[in-house]
Amino acid sequence: MTNKKYQDGTYYGKGRNRIGSVEVAVTIKSDKITDVQITKCTTSYPKAYIDHLPTQVIARQNENVDIVSGATRSSEDFMNAIHQALQNAKNA
């Protein structure tokens, strides 16, 4: 019997602070993160600053991504949103 960490499906998360928020959709298939989309970004900095972070999540299979210089809070919002989505996938 295998212990699965995540349930298959698409899970949503949101990270926010005083200057905006980032919302994500994380898709899990066969206990792996297979897709990550930034579904909404209302931070002070353009979404383009953090557009590359979803590929890091897929490569690393967790929410620990590099902080983007000049968009620290947006990066933190993104990580918090991923963390929330992954928690939802664990508890599904």
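Two strands count as paired if DSSP finds at least two bridges between them. That rule underlies the sheet in this predicted model, where Y12 stands opposite A25 in β2. The sheet is open, has three strands and follows the order β1-β2-β3 with antiparallel pairing. Helix α2 lies across β1, β2 and β3. Helix α1 packs against α2 at an angle of about 45 degrees.

**The sheet**

- β1 (9-17) and β3 are the edge strands of the β1-β2-β3 sheet, and each pairs on one side only.
- From one strand to the next, the twist averages 20 degrees.
- β1 and β2 run antiparallel and are joined by nine bridges.
- Y12 and A25 of β2 stand opposite each other.
- β2 and β3 also run antiparallel. Eight bridges join them.
- V26 faces a partner in β3: V36 stands opposite.

**The β2-β3 hairpin**

- β2 spans 20-29 and β3 spans 32-41, with S30 in the loop between them.
- The hairpin of β2 and β3 has two residues between the strands.
- Most residues other than glycine have a negative phi.
- S30 has a positive phi, near 50 degrees, and is not a glycine.
- Is S30 buried or exposed? S30 has 57% relative accessibility, and the cut-off for exposed is over 50%, so S30 counts as exposed.

**Helix packing**

- α2 runs at about 145 degrees to β1 as it lies across β1, β2 and β3.
- The axes of α1 and α2 are 11 Å apart, and the packing angle is about 45 degrees.
- That angle makes α1 oblique to α2.
- The crossing of α1 past α2 is right-handed.
- On the α1 side, the contact is made by L53, P54 and V57. On the α2 side, it is made by S75, F78 and I82.
- What kinds of residue make up the contact of α1 with α2? Five are nonpolar, one is polar and none is charged.

**S75 in helix α2**

- S75 is found in helix α2 and takes part in the contact with α1.
- Buried means under 20% relative accessible area, and S75 has 0%, so S75 is buried.
- Which residues does S75 touch, leaving aside those up to four places away in sequence? S75 touches I50, L53, D66, I67 and V68.
- L53 is also one of the α1 residues in the helix contact.

**The loop between α1 and α2**

- α1 spans 53-60 and α2 spans 72-91, and Q61 is found in the loop between them.
- Q61 has a positive phi, near 60 degrees, and is a residue other than glycine.
- Q61 has a relative accessible area of 23% and is partly exposed.
- N64 lies in the loop between α1 and α2.
- How exposed is N64? At 48% relative accessibility, N64 counts as partly exposed, because exposed requires over 50%.
- N64 and I33 are 31 residues apart in sequence. Their C-alpha atoms are 13 Å apart in space.

Note on methods. Residues numbered from 1 in each chain as written. Predicted model: local features only at pLDDT ≥ 70, side-chain atom pairs only at ≥ 80, totals over all residues. Heavy atoms only, no water. Helix = DSSP H or I, 4+ residues; strand = E, 2+ residues; numbered from the N terminus. Buried < 20%, exposed > 50% of the residue type's maximum accessible area, 1.4 Å probe, protein only. Contact = heavy atoms within 4.5 Å. Axes fitted to C-alpha atoms, helices over the stretch in contact; angles between N-to-C directions. Parallel < 35°, antiparallel > 145°, perpendicular 65-115°, else oblique. Left-handed = near helix turned anticlockwise from the far one by under 90°. Nonpolar A, V, L, I, M, F, W, Y, C, P; charged D, E, K, R; others polar.
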